[in-house]
Amino acid sequence: MIKYLGSKRTLVPMLSELAEASGARTALDLFTGTTRVAQAFKRKGLTVSAVDLASYSEVFARTWISLDGGKAKQQDLTSALSDLNSTPGDAGYFTKTFCEDARFFQPKNGEKIDAIRNRIEAEFKDSWMYHPLLTSLILASDRVDSTTGLQMAFLKSWAPRSFKDLDLRDPELIAGEGFAYRGDALELATTLPPVDLAYLDPPYNQHRYFANYHIWETLVRWDAPEAYGIANKRIDVRDPATKSAFNSKREIRESIEKLLKDVQAETLILSYNNESWLTKDDLIAMCEPRGRVELIEVDFKRYVGAQIGIFNRSGEKVGQPTHQRNVEYIVLVGDKSTLAKMSKPRS
Ligand SMILES: C[S@@+](CC[C@H](N)C(=O)[O-])C[C@H]1O[C@@H](n2cnc3c(N)ncnc32)[C@H](O)[C@@H]1O
């Protein structure tokens, strides 16, 4: 899976146990990001809907959530991946923008990415394999990048992993039913059908995913946008239309309140951490009108990029991280009997 700010990798086992204990059969992951939480719910047999604003996240959701891996012709995917892996490099927009003008990837890998991405568009646009192949290309690119995990800057010296050769691997599809949506959670919360369980993991501060993962947006859209700054970000990063209300200190409170009012689910699980603009007590108070509220506190090591250090725009280390631990909270909201089932001690 890609390196992703706020990814709930370490919380996945606990979240999927909570979903199972709740007895839910349908679930909604409204800020699905990497889709890893939605994937875990799907593996537990729930029918999951996954929502996010990001184009790359929609690609992941169409690979792992809405596609029924049990019905896919795995052999065709394996052959396509092996054929694409042997594509000779061919420098284009990606190589120029992200390997020469900026140094996120070594040119030998940028040239492969250009060539493979062009082939996926030309040969697989109408195939069920389109999204799995794009997912595989994003994951392969992430394994050879030269960043600390965010695409706001690249490292001054090449990361050791960037010397490796790009290698497309099987994304390992998941059997079962699901749905994928790209859109604003605030709008979709009012239109999606009711579910038993909704998982909410919004951004709670200024870190914008559209800017932090602009290369994955461009790799998916394949629209060769004008780029600016040292990190060669897409020009529309500056466009207010690409900004999320959850990244605005002024709008976050009313956005969370609206979401809590609109989302049609019996039970809610919210992720929250101590780097948020809202306090824990604020959030709890906002959840109370929906039912009983319980809080699980989990102390984890901080996001890997922050552990490495603080970097300026050219990727030079300019400071030490201030703290290396952060506390993650899981807030449960629902009726008394469901929360009692979810709060039983787990293994
Ligand atoms: C904390 S991350 C979620 C991480 C995810 N749970 C995981 O484990 O990968 C927040 C996500 O919210 C998405 N997002 C931000 N604003 C949104 C909005 N208004 N509607 C839907 N998704 C949004 C971002 O693109 C990002 O993927």
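Q: Two strands pair if DSSP finds at least two bridges between them. Which residue in strand 4 stands opposite alanine 27?
A: That's leucine 197. Strand 1 (residues 26-29) and strand 4 run parallel and are joined by three bridges, so they meet the requirement for a pair. Strands (E, at least two residues) and helices (H or I, at least four) are DSSP runs, numbered from the N terminus.

Q: What kind of model is this, and how are its residues numbered?
A: It's a predicted model: local features need pLDDT of at least 70 and side-chain atom pairs count only at pLDDT 80 or more, while totals for chains, interfaces and linings use all residues. Numbering starts from 1 along each chain as its sequence is written, and side-chain values use heavy atoms, with hydrogens and water left out.

Q: What makes strand 4 and strand 7 a pair?
A: Five bridges link strand 4 to strand 7 (residues 265-273), in the parallel sense. Tyrosine 199 stands opposite isoleucine 269 in strand 7.

Q: Why is strand 4 called largely enclosed?
A: Five of the six residues of strand 4 (195-200) are buried, so the rest of the structure largely encloses this strand. Buried means under 20% relative accessible area, exposed over 50%, and partly exposed in between (1.4 Å probe, protein chains only).

Q: Why does helix 2 count as largely enclosed too?
A: Seven of the eight residues of helix 2 (36-43) are buried, so the rest of the structure largely encloses this helix. The buried ones are Arg36, Val37, Ala38, Gln39, Ala40, Phe41 and Lys42. Covering them are, among others, helix 1 (12-22), helix 3 (55-64) and strand 4.

Q: What does phenylalanine 41 touch beyond its neighbours within four places in sequence?
A: Its contacts (heavy atoms within 4.5 Å) are Leu15, Ser16, Ala19, Ala27, Leu46, Val48, Leu197 and Tyr199.

Q: Which residues touch the most other members of the largest nonpolar core?
A: Phe41 and Phe105 do, in a core of 70 residues. Helix 7 gives the most to this core, with seven residues. A nonpolar core is a set of buried Ala, Val, Leu, Ile, Met, Phe, Trp, Tyr and Cys residues joined through side-chain atoms within 4.5 Å.

Q: How do you know that the buried residues of helix 4 line one face?
A: Those buried residues are Leu77, Ala80, Leu81 and Leu84. Down the axis of helix 4, they fall within an arc of 100°, so they line one face of the helix. The arc is taken from the directions from the helix axis to the C-beta atoms. Helix 6 (107-124) and helix 7 (130-143) are among what covers them.

Q: Is threonine 95 buried or exposed?
A: Buried: its relative accessibility is 0%. Threonine 95 sits in helix 5 (residues 93-100).

Q: Is glutamate 172 buried or exposed?
A: Its 56% relative accessibility makes glutamate 172 exposed. This residue lies in the loop between helix 7 and strand 3 (178-182). Its phi is near 60°, a positive value in a residue other than glycine.

Q: How many disulfides does a search of the whole structure find?
A: Zero. A disulfide needs a pair of cysteine sulfur atoms within 2.5 Å, so no pair passes that cut-off. As for burial, cysteine 99 counts as buried at 4% relative accessibility, and cysteine 287 is buried at 0%.
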